[in-house]
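A visitor at the bench would like to be walked through a structure, one question at a time, with the reasoning laid out before each answer.

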Amino acid sequence: MLLRVPAKKTLAAVISLAGVTAAVLAQAAPQTLAMQWTVVVVALAVMAVFLIQLLRGTGQPHRLESTFGASTGAFLAALGAGWVAGGRLAPGGPESPFLLVAAVSMLFAVGASVLPWPDRIVAPPGVAPAALAGGVGAALFSSLPLWPAVLAGAVLDTLIVCFRRLTLAAAAPVPVPALVAAGLMPVLAAGPLVYSHGRPLIH
């Protein structure tokens, strides 16, 4: 895990189960209630994290960091269900056009975020061209309104740039699995934004 806390395997199982369960329920629930069970999944996952900490016994090291990190991980994993729910918004088919617009826009932000430059240089090109790419994608590949798509792209890309700052704040070298998890965090966190922005644009 990114925070290098104890009980990695057990807590990782809780985080993974939260993400998978939330995605399955988002697919199985009625379309208008696709995100209804996400809150329940998050609550149960946090309860499981606290239970694991209790079973570890008293006096264990890094208890606070472990509890906070695992709870946040479970929360972010469950938010990934928003991509599943957003994919069900298209009235005439299984795929939502807003998912394509969001993916194209976020791809530009990811490309800017991997540049080894300071935030003051990366942030403007990470947000502005990515938001423009969202508007271009909306105009070329879907019937979505232009300016709402640009605004949604800017919000999603700002989220990615903020997570980049969070990852770079780690002073010690980060293992590769933790880097992969950190890269997935903004994508998962964008799930509810994709669903909430896509729903009024499509319906």
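What follows is a conversation between a visitor and a guide about this predicted model.

Visitor: Which kinds of secondary-structure elements does the protein chain have, and how many helices are there?
Guide: Read from the N terminus on, the elements run α-α-α-α-α-α-α-α-α. The protein chain accordingly shows zero strands, and its helices number nine.

Visitor: What share of the contacts in the protein chain, among those between residues at least 6 apart in sequence, joins residues at least 24 apart?
Guide: The protein chain has 203 residues, of which 42% count as buried. Among the contacts between residues at least 6 apart in sequence, the share that joins residues at least 24 apart is 75%.

Visitor: Which spans does UniProt list as "transmembrane region", and how much of residues 67–86 is helix in the model?
Guide: The unreviewed UniProt entry lists residues 36–55, 67–86, 98–118, 130–156 and 176–195 under that name. In the model, residues 36–55 are 90% helix and 0% strand, with end C-alpha atoms 30 Å apart. For residues 67–86 the end C-alpha atoms also lie 30 Å apart, strand is 0%, and the helix content is 95%.

Visitor: Is T67 buried or exposed, and which residues does T67 touch?
Guide: T67 lies in helix α3, which covers residues 63–79, and that helix of 17 residues reaches 24 Å from its first C-alpha to its last, close to the 24 Å expected at 1.5 Å a residue. Because the relative accessibility of T67 is 13%, and the cut-off for burial is under 20%, T67 counts as buried. Other buried residues of α3 include S66, G69, A70 and S71. Leaving aside residues up to four places away in sequence, the contacts of T67 are V49, F50 and Q53.

Visitor: Why does the end-to-end distance of α7 agree with what is expected of a helix, and what is that distance?
Guide: Helix α7 takes in residues 146–168, and at 1.5 Å a residue these 23 residues should span 33 Å. The computed separation of its end C-alpha atoms agrees with that expectation, because it is 33 Å.

Visitor: Which residues does V150 touch?
Guide: V150 belongs to helix α7 and, at 18% relative accessibility, counts as buried; A149, A152 and G153 are among the other buried residues of this helix. V150 and G134 are 16 residues apart in sequence, yet their C-alpha atoms lie 5.4 Å apart in space. Not counting residues up to four places away in sequence, V150 touches A131 and G135.

Visitor: Where is A109, and how far apart in space are A109 and P124?
Guide: A109 is placed in helix α5, and because its relative accessibility is 0%, A109 counts as buried. A109 and P124 are 15 residues apart in sequence, and the distance between them, C-alpha to C-alpha, is 9.8 Å.

Visitor: How much space lies in the second largest pocket, and which residues are closest to its centre?
Guide: The second largest pocket holds about 320 Å³ of space. It is lined by 13 residues, and the closest to its centre are S113, V114, R164, T167 and G183.

Visitor: What is the make-up of the lining of the second largest pocket, and which helices each supply at least two of its residues?
Guide: By residue class, the lining divides into nine nonpolar, three polar and one charged. The helices that each supply at least two residues of this lining are α5 (97–113), α7 and α8 (176–189).

Technical notes:
Residues are numbered from 1 along each chain as its sequence is written. This is a predicted model: local features need pLDDT of at least 70, side-chain atom pairs count only at pLDDT 80 or more; totals for chains, interfaces and linings use all residues. Side-chain values use heavy atoms; hydrogens and water are left out. Helices (H or I, at least four residues) and strands (E, at least two) are DSSP runs, numbered from the N terminus. The expected span of a helix is 1.5 Å times one less than its number of residues. Buried means under 20% relative accessible area, exposed over 50%, partly exposed in between (1.4 Å probe, protein chains only). On a 1 Å grid over the protein atoms alone, a cavity is a set of points where a 1.4 Å probe fits but cannot get out, and a pocket is an open set with protein on both sides within 12 Å along at least five of seven lines; lining residues have an atom within 4 Å of a point. Grid points are joined across faces, edges and corners, and a volume is the space filled by probe spheres set on the points. Ala, Val, Leu, Ile, Met, Phe, Trp, Tyr, Cys and Pro count as nonpolar, Asp, Glu, Lys and Arg as charged, and the others, Gly among them, as polar. UniProt positions are given in the numbering used here, feature names are shortened, and annotations may be inferred rather than shown by experiment. Contact means heavy atoms within 4.5 Å.
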